[in-house]
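Q: Please give a close account of the sheet in this structure, together with what packs on it. I am new to this structure and would value a connected description.

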Amino acid sequence: IRLPQADTPAPLTDTAVASAPPAGARSISCVIPCFNEAANLRHLLPLLEDILWATHMRWEIIVVDDGSTDDTAAVAEAWCELSGFRCISLSRNFGKEAALTAGLAAATGDAVVLLDGDLQHSPELIHTMIAQWAAGAEVVYAVRRERSDESRFKQVGSRLFYNLLNASDRFAVPRDAGDFRLMDRKVVDALMSLPERSRFMKGLYAWVGFRAVALPYTPAPRAEGKSTFNARRLVRLAIDGLTAFTTWPLRAVSVAGLMLAVPAFAYGAYVAIDYLLFGNEVSGWTTIVVSLMFFIGIQMISTGIVGEYIARIYEEVKGRPLYVVRHERGTGLETGKT
Ligand code: UDP
Ligand code: MG
């Protein structure tokens with residue numbers, strides 16, 4: 001397999017000042033959401049372990065097995081024989097956002113690093129993240145340098161999505177930033193205190209605020225297997241994000257209705273007066289049919305938009321847990337060498 005290359009490789013020496021943790025901080029947790037990543041975990045876990053030892057902090061690696069159908073749980077649980085490794089098995093596939101939430105809830109470190117299990121998020125970057133954290137950043141998030149590796153659909157879709165998402169708000173969700181990030185304990189606690197069930201994490205990170213530093217990186221290609229985020233899943237994620245973080249579509253529906261109704265009313269009045277005063281017969285079957293279908297279309301779209309929001313309300317009101325844990329393995333923090 002091809003291992004990812006960090007753009008800004010941090011020194012891995014024992015005296016690496018760059019990775020000195022902030023005063024008073026003693027521990028770091030790494031959370032890896034995994035859905036069918038057995039092959040990748042075999043490479044990632046030893047790599048990550050070496051990197052965490054080199055930080056001279058206490059550490060833990062939390063693998064969240066999101067209902068995998070391959071050996072992911074077995075591979076992760078084998079590592080749980082060693083201290084510092086933990087594995088949380090969810091009872092089925094709940095999706096990446098839920099898996100991340102499960103990992104964040106379990107993490108005990110003074111900082112938590114989230115990274116994908118497919119080696120796209122190069123673990124070497126963790127040293128740079130810790131250095132930024134030591135320098136006072138409360139969030140250090142990795143930002144893709146460019147997205148040329150992605151399909152045209154994903155690029156255009158993502159641009160459109162962020163334009164719609166950030167159309168009106170007091171906080172902006174950064175483009176090209178994913179879940180690969182380090183967060184201080186304060187930030188993790190703030191995230192965990194958010195009660196909502198629809199967890200569009202990229203929005204929630206932005207919502208909680210805090211001093212954030214961006215770290216440019218180039219993601220490596222997926223090591224093994226293939227991405228589960230196909231077009232359908234991405235569209236669903238986008239709708240989740242939009243309904244969770246915007247209300248302007250609802251207002252847009254009212255405005256569109258108003259903009260169509262006022263001229264329609266004026267035209268209706270004109271036609272009626274024309275007929276009553278001048279006896280002009282109403283004509284134009286085609287116009288009637290076309291405009292009827294146009295307005296019905298607009299109406300159904302509007303109902304659909306409102307329906308999306310109502311569906312979210314329904315999800316929230318049911319109050320079901322975000323995920324169900326089958327079992328947990330492994331012990332907590334490993335003690336650093338120093
Ligand atoms: N993932 C997960 N649950 C899912 C889908 C994905 O935990 O239902 C994990 C997956 O194992 C990987 C990460 O989320 O560690 C990113 O997934 P993927 O590589 O498929 O997405 P992409 O890199 O295309 O965004
Ligand atoms: Mg991936």
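A: The following account treats the sheet, then the helix on it, then the core.

This is a predicted model, in which local features need pLDDT of at least 70 and side-chain atom pairs count only at pLDDT 80 or more, while totals for chains, interfaces and linings use all residues. Residues are numbered from 1 along each chain as its sequence is written, and chains are lettered from A and ligands numbered from 1 in the order in which they are written.

The open sheet has 8 strands in the order 7-5-6-4-1-2-3-8, with mixed pairing. Strands are DSSP runs of E with at least two residues, helices runs of H or I with at least four, both numbered from the N terminus; two strands pair if DSSP finds at least two bridges between them. Strand 7 (212-217) and strand 8 (325-330) stand at the edges with a single partner strand each, so one side of each is left without a neighbour in the sheet. On average, neighbouring strands are turned by 20° against each other, direction ignored; axes are lines fitted to C-alpha atoms, for helices over the stretch in contact, and angles run from 0 to 180 degrees between N-to-C directions.

Strand 2 (residues 58-65) pairs with strand 3 (residues 85-90) in the parallel sense over 5 bridges. The bridge partner of D65 in strand 3 is S89. Helix 3 packs on the sheet and touches strands including strand 1, strand 2 and strand 3, contact being C-beta atoms, placed from the backbone, within 7 Å. The direction of helix 3 makes about 155° with that of strand 1.

V31 touches residues including I62, V64, L100 and L104, not counting residues up to four places away in sequence.

Terms used:
Contact = placed C-beta atoms within 7 Å.
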